[in-house]
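Let us walk through this structure step by step. Keep the sequence and the 3D view side by side as you read.

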Amino acid sequence: MPRSGKPRYWWRKPARSPVRDRIAALKEAARAGFDAAVRRADPGRALARCLAQHPLPVPGPGGRFLVVAVGKAAPAMTRALLPQLTGRVEAICVTQTGNEEAAGSARVFRAGHPVPDHTGAEAAQAVIALLEGAGPDDRVIALISGGGSALLPAPPPGVTLADKQALNAALLASGLDIVAMNLVRQQISQLKGGGFLRLAAPAPVTAFVLSDVVGDDLRAIASGPTVAPLGTRAEARAILQSADLWDALPASIRNHLQGPEDRSPLPPASNHLIGGNAHSVEAAAKALSPDLSVIADPAPLTGDVSTAAARIFTALQQHRGHEGPLALVWGGETTVRLTGHGLGGRNQELALRVAALADARPLARPWVFLSGGTDGRDGPTDAAGAITDQNSLPRLRKIGADPEALLANNDSHRALTLSRDLLLTGATGTNVADVQILLLG
Ligand SMILES: O=C(O)[C@H](O)CO
(Lines give C-alpha, C1' and ligand atoms only; values in the text may rest on other atoms or scores of the structure.)
Protein backbone atom coordinates (compact mmCIF):
# COMPACT_ATOMS: atom_id res chain seq x y z
CA MET A 1 0.00 0.00 0.00
CA PRO A 2 1.39 3.50 -0.77
CA ARG A 3 1.62 5.94 2.12
CA SER A 4 -1.72 7.53 1.25
CA GLY A 5 -3.35 4.24 2.26
CA LYS A 6 -4.88 3.85 -1.23
CA PRO A 7 -4.39 0.45 -2.90
CA ARG A 8 -1.75 0.32 -5.71
CA TYR A 9 -4.22 -0.50 -8.50
CA TRP A 10 -5.80 2.91 -7.91
CA TRP A 11 -2.90 4.39 -9.94
CA ARG A 12 -3.51 2.03 -12.85
CA LYS A 13 -7.17 2.98 -13.35
CA PRO A 14 -7.89 4.67 -16.71
CA ALA A 15 -8.39 8.45 -16.62
CA ARG A 16 -12.08 9.19 -16.11
CA SER A 17 -14.09 11.94 -17.75
CA PRO A 18 -15.52 14.26 -15.09
CA VAL A 19 -18.44 15.16 -17.36
CA ARG A 20 -19.28 11.50 -17.97
CA ASP A 21 -19.10 10.82 -14.24
CA ARG A 22 -21.32 13.80 -13.53
CA ILE A 23 -23.90 12.63 -16.07
CA ALA A 24 -23.84 9.13 -14.55
CA ALA A 25 -24.41 10.62 -11.08
CA LEU A 26 -27.28 12.76 -12.37
CA LYS A 27 -28.87 9.73 -14.02
CA GLU A 28 -28.66 7.85 -10.76
CA ALA A 29 -30.28 10.77 -8.92
CA ALA A 30 -33.08 10.99 -11.50
CA ARG A 31 -33.70 7.27 -11.18
CA ALA A 32 -33.85 7.58 -7.38
CA GLY A 33 -36.42 10.39 -7.73
CA PHE A 34 -38.50 8.24 -10.06
CA ASP A 35 -38.30 5.24 -7.70
CA ALA A 36 -39.56 7.47 -4.86
CA ALA A 37 -42.51 8.52 -7.05
CA VAL A 38 -43.39 4.86 -7.71
CA ARG A 39 -43.05 3.93 -4.03
CA ARG A 40 -45.43 6.75 -3.05
CA ALA A 41 -48.03 5.20 -5.35
CA ASP A 42 -47.97 1.86 -3.49
CA PRO A 43 -51.61 0.76 -3.87
CA GLY A 44 -51.75 -1.31 -0.67
CA ARG A 45 -50.58 1.58 1.48
CA ALA A 46 -52.84 4.06 -0.31
CA LEU A 47 -55.83 1.79 0.31
CA ALA A 48 -54.89 1.27 3.96
CA ARG A 49 -54.66 5.07 4.47
CA CYS A 50 -58.12 5.51 2.96
CA LEU A 51 -59.69 2.63 4.91
CA ALA A 52 -58.45 4.19 8.15
CA GLN A 53 -60.76 7.12 7.36
CA HIS A 54 -63.60 5.37 5.57
CA PRO A 55 -64.52 2.07 7.21
CA LEU A 56 -65.93 -0.66 5.01
CA PRO A 57 -69.69 -1.28 4.82
CA VAL A 58 -71.09 -4.35 6.60
CA PRO A 59 -73.20 -6.92 4.67
CA GLY A 60 -76.81 -7.52 5.73
CA PRO A 61 -77.90 -10.85 7.28
CA GLY A 62 -76.55 -13.69 5.13
CA GLY A 63 -75.00 -11.19 2.73
CA ARG A 64 -71.56 -11.45 1.08
CA PHE A 65 -68.73 -9.17 0.13
CA LEU A 66 -68.42 -9.18 -3.66
CA VAL A 67 -65.06 -7.74 -4.66
CA VAL A 68 -64.16 -6.66 -8.19
CA ALA A 69 -60.63 -5.35 -8.69
CA VAL A 70 -59.59 -4.11 -12.12
CA GLY A 71 -56.49 -2.32 -13.36
CA LYS A 72 -52.72 -2.44 -13.17
CA ALA A 73 -52.83 -2.09 -9.39
CA ALA A 74 -55.62 -4.66 -8.96
CA PRO A 75 -53.54 -7.47 -7.36
CA ALA A 76 -51.91 -5.14 -4.81
CA MET A 77 -55.26 -3.55 -3.95
CA THR A 78 -56.90 -6.98 -3.64
CA ARG A 79 -54.11 -8.24 -1.37
CA ALA A 80 -54.55 -5.21 0.86
CA LEU A 81 -58.33 -5.51 1.04
CA LEU A 82 -59.07 -9.21 1.45
CA PRO A 83 -57.59 -9.61 4.97
CA GLN A 84 -59.94 -6.81 6.14
CA LEU A 85 -63.07 -8.72 5.13
CA THR A 86 -64.84 -11.23 7.35
CA GLY A 87 -67.63 -13.64 6.42
CA ARG A 88 -68.42 -14.78 2.91
CA VAL A 89 -66.26 -13.20 0.24
CA GLU A 90 -66.18 -13.67 -3.53
CA ALA A 91 -63.46 -11.80 -5.38
CA ILE A 92 -62.40 -11.29 -8.98
CA CYS A 93 -59.13 -9.56 -9.85
CA VAL A 94 -58.42 -8.46 -13.43
CA THR A 95 -54.98 -7.19 -14.31
CA GLN A 96 -52.69 -7.03 -17.32
CA THR A 97 -50.81 -9.97 -18.86
CA GLY A 98 -47.32 -10.09 -17.37
CA ASN A 99 -48.40 -8.78 -13.98
CA GLU A 100 -47.73 -11.95 -12.02
CA GLU A 101 -48.45 -10.46 -8.59
CA ALA A 102 -50.52 -12.60 -6.24
CA ALA A 103 -54.07 -11.56 -5.37
CA GLY A 104 -54.92 -13.67 -2.31
CA SER A 105 -57.91 -15.94 -2.79
CA ALA A 106 -59.38 -13.91 -5.66
CA ARG A 107 -60.08 -15.45 -9.05
CA VAL A 108 -57.45 -13.79 -11.23
CA PHE A 109 -57.62 -12.90 -14.93
CA ARG A 110 -54.53 -11.58 -16.72
CA ALA A 111 -55.87 -9.80 -19.76
CA GLY A 112 -54.61 -7.88 -22.79
CA HIS A 113 -53.57 -4.24 -22.54
CA PRO A 114 -53.68 -1.70 -24.23
CA VAL A 115 -55.77 -3.56 -26.80
CA PRO A 116 -58.44 -5.79 -25.18
CA ASP A 117 -58.34 -9.56 -25.72
CA HIS A 118 -60.38 -12.71 -25.17
CA THR A 119 -59.24 -13.11 -21.56
CA GLY A 120 -60.46 -9.58 -20.85
CA ALA A 121 -63.81 -10.42 -22.46
CA GLU A 122 -64.05 -13.58 -20.36
CA ALA A 123 -63.19 -11.57 -17.22
CA ALA A 124 -65.88 -9.02 -18.09
CA GLN A 125 -68.46 -11.82 -18.38
CA ALA A 126 -67.39 -13.18 -14.98
CA VAL A 127 -67.74 -9.70 -13.44
CA ILE A 128 -71.16 -9.20 -15.02
CA ALA A 129 -72.35 -12.60 -13.69
CA LEU A 130 -71.06 -11.78 -10.20
CA LEU A 131 -72.78 -8.37 -10.16
CA GLU A 132 -76.04 -9.69 -11.61
CA GLY A 133 -76.17 -12.19 -8.73
CA ALA A 134 -75.82 -9.47 -6.08
CA GLY A 135 -78.68 -9.07 -3.62
CA PRO A 136 -79.63 -6.20 -1.27
CA ASP A 137 -77.69 -7.73 1.64
CA ASP A 138 -74.49 -8.11 -0.38
CA ARG A 139 -71.90 -5.34 -0.35
CA VAL A 140 -69.96 -4.76 -3.57
CA ILE A 141 -66.45 -3.37 -3.28
CA ALA A 142 -64.81 -2.09 -6.47
CA LEU A 143 -61.03 -1.57 -6.55
CA ILE A 144 -60.30 0.52 -9.62
CA SER A 145 -57.01 1.57 -11.16
CA GLY A 146 -55.69 2.68 -14.52
CA GLY A 147 -55.71 0.21 -17.35
CA GLY A 148 -59.24 -0.88 -16.47
CA SER A 149 -60.76 0.38 -19.73
CA ALA A 150 -58.84 -2.06 -21.91
CA LEU A 151 -58.75 -4.89 -19.38
CA LEU A 152 -62.51 -5.32 -19.06
CA PRO A 153 -64.12 -5.17 -22.52
CA ALA A 154 -67.89 -5.62 -22.24
CA PRO A 155 -69.30 -4.44 -25.57
CA PRO A 156 -73.08 -3.98 -25.83
CA PRO A 157 -75.16 -6.53 -27.78
CA GLY A 158 -74.41 -6.36 -31.50
CA VAL A 159 -70.80 -5.20 -31.03
CA THR A 160 -68.13 -7.92 -31.10
CA LEU A 161 -64.79 -8.05 -29.32
CA ALA A 162 -63.09 -7.61 -32.71
CA ASP A 163 -65.12 -4.42 -33.30
CA LYS A 164 -64.09 -3.13 -29.90
CA GLN A 165 -60.45 -4.00 -30.58
CA ALA A 166 -60.61 -2.03 -33.84
CA LEU A 167 -62.09 0.96 -31.99
CA ASN A 168 -59.43 0.78 -29.30
CA ALA A 169 -56.55 0.54 -31.78
CA ALA A 170 -57.89 3.56 -33.69
CA LEU A 171 -58.28 5.58 -30.48
CA LEU A 172 -54.78 4.70 -29.28
CA ALA A 173 -53.18 5.91 -32.51
CA SER A 174 -55.33 9.04 -32.74
CA GLY A 175 -53.50 11.37 -30.35
CA LEU A 176 -56.79 11.98 -28.47
CA ASP A 177 -56.35 12.53 -24.74
CA ILE A 178 -57.58 9.99 -22.19
CA VAL A 179 -60.74 11.95 -21.32
CA ALA A 180 -61.88 12.10 -24.96
CA MET A 181 -60.91 8.44 -25.50
CA ASN A 182 -62.78 7.25 -22.44
CA LEU A 183 -65.86 9.32 -23.23
CA VAL A 184 -66.06 7.22 -26.38
CA ARG A 185 -65.07 3.89 -24.78
CA GLN A 186 -67.67 4.09 -22.05
CA GLN A 187 -70.46 4.52 -24.59
CA ILE A 188 -69.46 1.11 -26.03
CA SER A 189 -69.51 -0.75 -22.74
CA GLN A 190 -71.96 -2.46 -20.41
CA LEU A 191 -69.68 -1.89 -17.41
CA LYS A 192 -68.13 1.57 -17.84
CA GLY A 193 -69.72 4.98 -17.37
CA GLY A 194 -71.74 3.70 -14.41
CA GLY A 195 -72.85 0.42 -16.02
CA PHE A 196 -71.23 -1.44 -13.12
CA LEU A 197 -73.69 0.22 -10.69
CA ARG A 198 -76.71 -0.73 -12.77
CA LEU A 199 -75.57 -4.36 -12.84
CA ALA A 200 -74.83 -4.46 -9.08
CA ALA A 201 -78.15 -2.93 -7.99
CA PRO A 202 -79.81 -3.46 -5.54
CA ALA A 203 -76.49 -4.16 -3.77
CA PRO A 204 -74.75 -0.95 -2.67
CA VAL A 205 -71.33 -0.29 -4.20
CA THR A 206 -68.27 1.20 -2.48
CA ALA A 207 -65.37 2.00 -4.81
CA PHE A 208 -61.73 2.79 -4.04
CA VAL A 209 -59.98 4.43 -6.97
CA LEU A 210 -56.26 4.92 -7.65
CA SER A 211 -56.00 7.62 -10.30
CA ASP A 212 -53.75 7.56 -13.37
CA VAL A 213 -55.61 10.48 -14.92
CA VAL A 214 -54.33 14.04 -14.63
CA GLY A 215 -56.86 15.99 -12.54
CA ASP A 216 -58.25 12.76 -11.02
CA ASP A 217 -61.66 12.92 -12.74
CA LEU A 218 -63.31 9.71 -11.48
CA ARG A 219 -65.40 9.55 -14.65
CA ALA A 220 -62.26 9.10 -16.74
CA ILE A 221 -60.27 6.64 -14.61
CA ALA A 222 -60.72 3.17 -16.15
CA SER A 223 -63.69 4.78 -17.96
CA GLY A 224 -65.60 5.31 -14.72
CA PRO A 225 -67.39 2.01 -13.95
CA THR A 226 -68.94 3.38 -10.74
CA VAL A 227 -69.72 6.98 -11.72
CA ALA A 228 -71.83 8.79 -14.31
CA PRO A 229 -70.42 8.87 -17.86
CA LEU A 230 -68.33 11.75 -19.19
CA GLY A 231 -70.72 12.45 -22.02
CA THR A 232 -73.32 11.15 -24.42
CA ARG A 233 -73.42 9.08 -27.60
CA ALA A 234 -73.79 12.32 -29.57
CA GLU A 235 -70.59 13.66 -27.99
CA ALA A 236 -68.78 10.39 -28.70
CA ARG A 237 -69.81 10.67 -32.37
CA ALA A 238 -68.56 14.26 -32.51
CA ILE A 239 -65.16 13.25 -31.06
CA LEU A 240 -64.75 10.40 -33.51
CA GLN A 241 -65.77 12.60 -36.44
CA SER A 242 -63.42 15.43 -35.52
CA ALA A 243 -60.53 12.95 -35.08
CA ASP A 244 -61.30 11.54 -38.56
CA LEU A 245 -61.97 8.08 -37.17
CA TRP A 246 -65.70 7.76 -37.77
CA ASP A 247 -65.79 6.50 -41.37
CA ALA A 248 -63.29 3.69 -40.76
CA LEU A 249 -65.09 2.32 -37.66
CA PRO A 250 -66.96 -1.01 -37.73
CA ALA A 251 -70.61 -0.50 -38.72
CA SER A 252 -71.80 -2.05 -35.42
CA ILE A 253 -70.09 0.72 -33.45
CA ARG A 254 -71.44 3.49 -35.67
CA ASN A 255 -74.95 1.98 -35.37
CA HIS A 256 -74.69 1.75 -31.59
CA LEU A 257 -73.54 5.35 -31.26
CA GLN A 258 -76.45 6.48 -33.43
CA GLY A 259 -78.95 4.73 -31.13
CA PRO A 260 -80.98 6.39 -28.36
CA GLU A 261 -79.19 7.92 -25.36
CA ASP A 262 -79.53 6.12 -22.00
CA ARG A 263 -80.99 8.76 -19.69
CA SER A 264 -82.06 6.45 -16.82
CA PRO A 265 -80.75 7.58 -13.40
CA LEU A 266 -77.78 5.73 -11.91
CA PRO A 267 -77.99 3.92 -8.57
CA PRO A 268 -75.91 5.77 -5.95
CA ALA A 269 -72.37 4.68 -5.01
CA SER A 270 -69.74 5.64 -2.50
CA ASN A 271 -66.53 6.53 -4.40
CA HIS A 272 -63.16 7.25 -2.72
CA LEU A 273 -60.03 8.50 -4.45
CA ILE A 274 -57.03 6.85 -2.75
CA GLY A 275 -54.11 8.42 -4.63
CA GLY A 276 -52.89 9.96 -7.84
CA ASN A 277 -50.10 11.57 -9.83
CA ALA A 278 -49.69 14.75 -7.73
CA HIS A 279 -48.64 12.72 -4.66
CA SER A 280 -45.94 10.96 -6.66
CA VAL A 281 -44.60 14.22 -8.13
CA GLU A 282 -44.33 15.53 -4.57
CA ALA A 283 -42.48 12.38 -3.47
CA ALA A 284 -39.99 12.64 -6.35
CA ALA A 285 -39.33 16.31 -5.50
CA LYS A 286 -38.81 15.42 -1.86
CA ALA A 287 -36.39 12.60 -2.67
CA LEU A 288 -34.28 14.93 -4.84
CA SER A 289 -34.32 17.92 -2.52
CA PRO A 290 -31.47 17.11 -0.10
CA ASP A 291 -28.87 17.36 -2.90
CA LEU A 292 -30.39 19.77 -5.40
CA SER A 293 -32.61 22.84 -5.63
CA VAL A 294 -35.99 21.48 -6.74
CA ILE A 295 -38.86 23.08 -8.62
CA ALA A 296 -42.02 20.95 -8.96
CA ASP A 297 -44.10 22.48 -11.75
CA PRO A 298 -47.76 22.47 -10.65
CA ALA A 299 -48.95 22.60 -14.29
CA PRO A 300 -49.14 19.00 -15.51
CA LEU A 301 -47.38 17.95 -18.67
CA THR A 302 -50.16 16.99 -21.05
CA GLY A 303 -51.00 17.26 -24.74
CA ASP A 304 -49.00 16.31 -27.79
CA VAL A 305 -45.56 14.90 -27.06
CA SER A 306 -43.73 17.35 -29.34
CA THR A 307 -45.34 20.36 -27.63
CA ALA A 308 -44.42 18.84 -24.25
CA ALA A 309 -40.81 18.36 -25.43
CA ALA A 310 -40.67 22.02 -26.47
CA ARG A 311 -41.91 22.97 -23.00
CA ILE A 312 -39.16 20.94 -21.31
CA PHE A 313 -36.56 22.40 -23.64
CA THR A 314 -37.73 25.94 -22.85
CA ALA A 315 -37.35 25.16 -19.14
CA LEU A 316 -33.86 23.82 -19.82
CA GLN A 317 -32.93 27.07 -21.57
CA GLN A 318 -34.57 29.26 -18.93
CA HIS A 319 -32.65 27.64 -16.09
CA ARG A 320 -29.31 27.19 -17.89
CA GLY A 321 -27.73 29.90 -15.75
CA HIS A 322 -29.04 28.56 -12.42
CA GLU A 323 -26.31 28.52 -9.84
CA GLY A 324 -25.71 24.98 -8.55
CA PRO A 325 -27.48 21.75 -9.45
CA LEU A 326 -31.18 22.03 -10.15
CA ALA A 327 -34.07 19.55 -10.53
CA LEU A 328 -37.34 20.32 -12.30
CA VAL A 329 -40.17 17.84 -11.77
CA TRP A 330 -43.44 17.39 -13.67
CA GLY A 331 -46.26 14.89 -13.68
CA GLY A 332 -48.85 14.18 -16.32
CA GLU A 333 -49.55 12.20 -19.45
CA THR A 334 -48.74 13.22 -23.01
CA THR A 335 -50.20 11.87 -26.24
CA VAL A 336 -48.55 10.64 -29.43
CA ARG A 337 -50.20 10.78 -32.83
CA LEU A 338 -48.71 7.77 -34.58
CA THR A 339 -47.52 8.45 -38.10
CA GLY A 340 -44.75 5.84 -38.31
CA HIS A 341 -44.58 2.09 -37.77
CA GLY A 342 -41.83 1.83 -35.15
CA LEU A 343 -42.01 0.70 -31.55
CA GLY A 344 -42.16 3.15 -28.66
CA GLY A 345 -44.24 4.90 -26.06
CA ARG A 346 -45.07 8.46 -25.06
CA ASN A 347 -42.34 8.62 -22.38
CA GLN A 348 -39.62 7.25 -24.63
CA GLU A 349 -40.64 9.55 -27.44
CA LEU A 350 -40.66 12.55 -25.09
CA ALA A 351 -37.17 11.78 -23.73
CA LEU A 352 -35.80 11.34 -27.24
CA ARG A 353 -37.46 14.54 -28.50
CA VAL A 354 -36.00 16.55 -25.61
CA ALA A 355 -32.54 15.15 -26.40
CA ALA A 356 -32.98 16.08 -30.08
CA LEU A 357 -33.98 19.67 -29.25
CA ALA A 358 -31.10 20.09 -26.81
CA ASP A 359 -28.67 18.53 -29.28
CA ALA A 360 -29.49 21.28 -31.77
CA ARG A 361 -28.69 23.99 -29.18
CA PRO A 362 -26.15 22.45 -26.78
CA LEU A 363 -25.85 23.67 -23.21
CA ALA A 364 -22.54 24.40 -21.51
CA ARG A 365 -23.42 22.24 -18.51
CA PRO A 366 -24.46 18.59 -18.07
CA TRP A 367 -28.13 17.69 -18.01
CA VAL A 368 -30.28 14.55 -17.93
CA PHE A 369 -33.98 14.11 -18.59
CA LEU A 370 -36.11 11.21 -17.32
CA SER A 371 -39.64 10.49 -18.47
CA GLY A 372 -41.28 7.37 -17.08
CA GLY A 373 -44.64 5.69 -16.63
CA THR A 374 -45.19 4.77 -12.99
CA ASP A 375 -46.69 1.44 -14.13
CA GLY A 376 -43.29 0.45 -15.54
CA ARG A 377 -44.60 -0.06 -19.04
CA ASP A 378 -44.47 2.63 -21.71
CA GLY A 379 -46.60 1.81 -24.74
CA PRO A 380 -46.35 -1.79 -25.91
CA THR A 381 -42.69 -2.07 -24.79
CA ASP A 382 -40.72 -3.56 -21.90
CA ALA A 383 -39.44 -0.13 -20.77
CA ALA A 384 -40.99 2.32 -18.31
CA GLY A 385 -39.53 5.21 -20.30
CA ALA A 386 -36.05 6.61 -20.77
CA ILE A 387 -33.32 8.80 -19.29
CA THR A 388 -31.57 10.82 -21.98
CA ASP A 389 -28.61 13.18 -21.65
CA GLN A 390 -26.50 15.52 -23.78
CA ASN A 391 -24.58 12.57 -25.26
CA SER A 392 -27.62 10.48 -26.27
CA LEU A 393 -27.77 11.75 -29.85
CA PRO A 394 -24.00 11.80 -30.38
CA ARG A 395 -23.98 8.16 -29.15
CA LEU A 396 -26.58 7.25 -31.77
CA ARG A 397 -24.77 9.02 -34.59
CA LYS A 398 -21.48 7.41 -33.62
CA ILE A 399 -22.93 3.97 -34.34
CA GLY A 400 -24.45 5.12 -37.62
CA ALA A 401 -28.07 5.47 -36.44
CA ASP A 402 -30.21 8.36 -37.65
CA PRO A 403 -32.11 9.85 -34.66
CA GLU A 404 -34.36 12.04 -36.81
CA ALA A 405 -35.44 9.10 -39.00
CA LEU A 406 -36.08 6.95 -35.92
CA LEU A 407 -38.23 9.70 -34.39
CA ALA A 408 -40.15 10.23 -37.62
CA ASN A 409 -40.98 6.50 -37.58
CA ASN A 410 -42.11 6.63 -33.90
CA ASP A 411 -39.26 4.20 -33.26
CA SER A 412 -38.10 5.63 -29.95
CA HIS A 413 -37.66 2.20 -28.30
CA ARG A 414 -35.10 1.18 -30.92
CA ALA A 415 -33.29 4.52 -30.70
CA LEU A 416 -33.08 4.40 -26.91
CA THR A 417 -32.01 0.76 -26.91
CA LEU A 418 -29.13 1.74 -29.19
CA SER A 419 -28.22 4.79 -27.10
CA ARG A 420 -28.52 2.70 -23.89
CA ASP A 421 -30.97 5.17 -22.35
CA LEU A 422 -33.98 2.97 -21.56
CA LEU A 423 -35.51 3.17 -18.10
CA LEU A 424 -36.23 -0.46 -17.17
CA THR A 425 -38.17 -1.19 -13.98
CA GLY A 426 -40.46 -4.11 -14.87
CA ALA A 427 -44.17 -3.94 -13.94
CA THR A 428 -44.42 -1.88 -10.75
CA GLY A 429 -47.87 -3.07 -9.65
CA THR A 430 -49.18 0.49 -9.54
CA ASN A 431 -50.25 3.18 -12.01
CA VAL A 432 -50.50 6.92 -11.38
CA ALA A 433 -49.58 8.20 -14.87
CA ASP A 434 -46.13 9.62 -15.70
CA VAL A 435 -43.35 11.52 -13.96
CA GLN A 436 -40.69 13.68 -15.63
CA ILE A 437 -37.44 14.82 -14.03
CA LEU A 438 -34.97 17.26 -15.61
CA LEU A 439 -31.64 17.63 -13.82
CA LEU A 440 -29.05 20.32 -14.50
CA GLY A 441 -25.62 19.48 -13.13
O1 LIG B 1 -57.85 2.51 -18.14
C2 LIG B 1 -57.87 3.65 -18.56
O3 LIG B 1 -58.83 4.13 -19.14
C4 LIG B 1 -56.70 4.55 -18.36
O5 LIG B 1 -55.63 3.92 -17.77
C6 LIG B 1 -57.15 5.75 -17.56
O7 LIG B 1 -57.55 5.37 -16.31
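Start at helix 7. In this predicted model, helix 7 gives the most to the shell around the ligand, with three residues. Helix 7 runs over residues 178-187, and helix 5 covers 148-151. Each of these two helices supplies at least two residues of the shell.

Now look at the whole shell. One part of the sequence brings in Gly-146, Gly-147, Gly-148 and Ser-149. Further along come Ile-178, Asn-182 and Arg-185. The list then goes on with Asp-212, Val-213, Ala-220, Ile-221 and Ala-222. Sorted by class, the shell has five nonpolar, five polar and two charged residues.

Which residues come close to oxygen atoms of the ligand through N or O atoms of their side chains? Ser-149 is one of them, with a distance of 2.4 Å. Arg-185 is another, at 3.5 Å from an oxygen atom of the ligand. The backbone takes part as well: a polar backbone atom of Ala-222 is 2.9 Å from a ligand oxygen. How much of the ligand does the protein cover? On its own, the ligand has 230 Å² of accessible area, and the protein covers 92% of that.

Where does the ligand sit? The space it takes is the largest pocket.

Finally, step back to a longer stretch of chain. An unreviewed UniProt entry carries the annotation "domain: MOFRL-associated" for residues 30-258. Over residues 30-258, the chain is 42% helix and 14% strand. The C-alpha atoms at the two ends of this stretch are 49 Å apart.

Notes:
Residues numbered from 1 in each chain as written. Predicted model: local features only at pLDDT ≥ 70, side-chain atom pairs only at ≥ 80, totals over all residues. Heavy atoms only, no water. UniProt positions renumbered as here; feature names shortened; annotations may be inferred. Helix = DSSP H or I, 4+ residues; strand = E, 2+ residues; numbered from the N terminus. Near = heavy atom within 4 Å. Polar contact = N/O pair within 3.5 Å; in protein donor to acceptor, adjacent residues only side chain to side chain. Areas by Shrake-Rupley, 256 points an atom, 1.4 Å probe, with all protein chains shown as cover. 1 Å grid on protein atoms, 1.4 Å probe; cavity = no way out; pocket = protein on both sides within 12 Å on 5 of 7 lines; lining within 4 Å. Sits in = over half its atoms within 2 Å of the grid points. Nonpolar A, V, L, I, M, F, W, Y, C, P; charged D, E, K, R; others polar.
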